[in-house]
Amino acid sequence: MTDLLAVQNVSFSRKEGRNGKRSILRGLNFGVKQGETVAILGQSGTGKTTLAHILAGLVPPSSGSVRYKGVETQLLSHRQNRALRSDLQMIFQDPYSSLDPRQTVSAIMHEPLWTHTLSKEQKDEHIAKMLHVLGLPPESFARRAHEFSGGQRQRIAIARALVGQPSLVIADEAVSALDVSAQARVLNVLLEQQQKTGLSLIFISHDMAVVRHMAHRVVVLADSTIVEEGPAQQIFANPRSAYTAALLQKDLWKDTNV
Ligand SMILES: Nc1ncnc2c1ncn2[C@@H]1O[C@H](COP(=O)(O)OP(=O)(O)OP(=O)(O)O)[C@@H](O)[C@H]1O
């Protein structure tokens, strides 16, 4: 099967000081297939969020390419880019910055459905179902984002990401701030959607229990590059690199040296 998303030789540097540059990502190669969940692991500051932004086409790589459904994301026309935004959704960690607080939930949820040829009633029905499975009450529809708690806002952001039946969702610490029962609900919804529609997921999480539960494959980042990649079961049972072993053994993400 060809990759839904193909990352080819992607590097990224940030400007630092007057003339300096800092390498954040170097020569990354990996792919994501349809219906597959790939977890990206690495300590804090290893470039996971930067990579997520590059994969979603929000930031151009300094070199290399990201192909989505065979087309290089940096070469998309404005219209193709809008279509990509519906088909490839991103869930960020912080709903306070990802949702416009003044927008109604209805307006937020209709956004990703612009490419769909459903009637307004069909779209409303679809949205109501998605809000329901994520444990949000039907009266949420007319309320504005700022009227909800942080956990509810995050579930609205997740509902928005899923409502248009995207092909790929990039979830960057998407469930970290939710309480245990909301977390379990969201993970189940993601797995159900994966079974129903063949959704692919890129999962960035510090929580190894969540990664074990969700991931088919794991990509481990360290020192700006991929130090290990493979099937999740194999990596959890028998990591090849000492870095991965240390990462899995204890919560080393917040340490600066492994
Ligand atoms: N806007 C920015 N300007 C300058 N440097 C940045 C910016 N965003 C991130 N960085 C730096 O780029 C590097 C990679 O950051 P990134 O957020 O991608 O890492 P991460 O692995 O997602 O970290 P975390 O797990 O803490 O979220 C870090 O050293 C960070 O300090």
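A residue is called partly exposed when its count of other C-beta atoms within 10 Å falls between the buried range, 20 or more, and the exposed range, 12 or fewer. E173 is partly exposed on this scale, because 19 other C-beta atoms lie within 10 Å. Please keep in mind that the model shown in these views is predicted.

**View 1. The whole chain, with its 10 helices and 10 strands.**
Let us start with the overall frame. The radius of gyration is 18 Å, close to the 18 Å that the globule rule gives for 258 residues, so the chain is as compact as a globular protein of that length. Along the principal axes, the C-alpha atoms fill a box of roughly 50 × 45 × 40 Å. Buried residues account for 36% of the 258 residues. If you count contacts between residues at least 6 apart in sequence, 68% of them join residues at least 24 apart.

**View 2. The largest nonpolar core, made of 66 residues.**
L55 and A159 are the residues with the most contacts inside this core. Helix α6, residues 150-163, gives the most to the core, with seven residues. Which residues does L55 touch, once its neighbours within four places in sequence are left aside? The contacts of L55 are L5, V7, V66, I170 and I202.

**View 3. Helix α6 and its surroundings.**
Of the 14 residues of α6, 12 are buried, so the helix is largely enclosed by the rest of the structure. The buried set includes R153, R155 and R160, along with I156, I158 and A159. These buried residues pack against β6, α3 (95-98), α4 (105-110), α5 (120-133), β7 and α7. For a check on geometry, 14 residues at 1.5 Å a residue should span 20 Å, and the end C-alpha atoms of α6 are indeed 20 Å apart. After α6 comes Q165, with a positive phi near 50 degrees.

**View 4. An open sheet of four strands, in the order β2-β1-β4-β5.**
The pairing in this sheet is antiparallel. The edges are β2 (20-32) and β5 (71-72); each has a single partner strand, so one side of each is left without a neighbour in the sheet. Nine bridges hold the antiparallel pairing of β1 (residues 5-16) with β2. Within that pairing, L5 has V32 of β2 as its bridge partner. Helix α1, residues 48-55, lies across β1, β2 and β4 (63-68), and runs at about 125 degrees to β1.

**View 5. G64 in strand β4.**
Buried or partly exposed: how does G64 count? G64 counts as partly exposed, because it has 17 C-beta neighbours inside 10 Å. Beyond its neighbours within four places in sequence, G64 is in contact with Q8, N9, V10 and S11. Q74 is 10 residues away from G64 along the chain, and their C-alpha atoms are separated by 10 Å.

**View 6. The parallel pair β6 and β7.**
Four bridges join β6 (88-91) to β7 (residues 168-172). One of the bridge pairs is L88 with L168 of β7. In a regular strand the side chains alternate between the two faces of the sheet. Here L88 and M90 point one way from β6, while Q89 and I91 point the other way. All four of these residues are buried.

**View 7. Two loop residues with positive phi, K69 and E173.**
Most residues other than glycine have a negative phi. K69 is not a glycine, yet its phi is positive, at about 50 degrees. The loop that holds K69 lies between β4 and β5. With 16 C-beta neighbours inside 10 Å, K69 counts as partly exposed. E173, likewise not a glycine, has a positive phi of about 50 degrees. Where does E173 sit? E173 is in the loop between β7 and α7.

**View 8. Helix α7, residues 180-197.**
This helix has 18 residues, which at 1.5 Å a residue should span 26 Å. The end C-alpha atoms of α7 are 26 Å apart, in agreement with that value. G198 follows α7 and has a positive phi, near 75 degrees.

Note on methods
Residues are numbered from 1 along each chain as its sequence is written. This is a predicted model: local features need pLDDT of at least 70, side-chain atom pairs count only at pLDDT 80 or more; totals for chains, interfaces and linings use all residues. A nonpolar core is a set of buried Ala, Val, Leu, Ile, Met, Phe, Trp, Tyr and Cys residues joined through C-beta atoms within 7 Å. Helices (H or I, at least four residues) and strands (E, at least two) are DSSP runs, numbered from the N terminus. Two residues are in contact if their C-beta atoms, placed from the backbone, lie within 7 Å. Two strands pair if DSSP finds at least two bridges between them. Axes are lines fitted to C-alpha atoms, for helices over the stretch in contact, and angles run from 0 to 180 degrees between N-to-C directions. The expected span of a helix is 1.5 Å times one less than its number of residues. The radius of gyration is taken over C-alpha atoms; the globule rule is 2.2 Å times the number of residues to the power 0.38.
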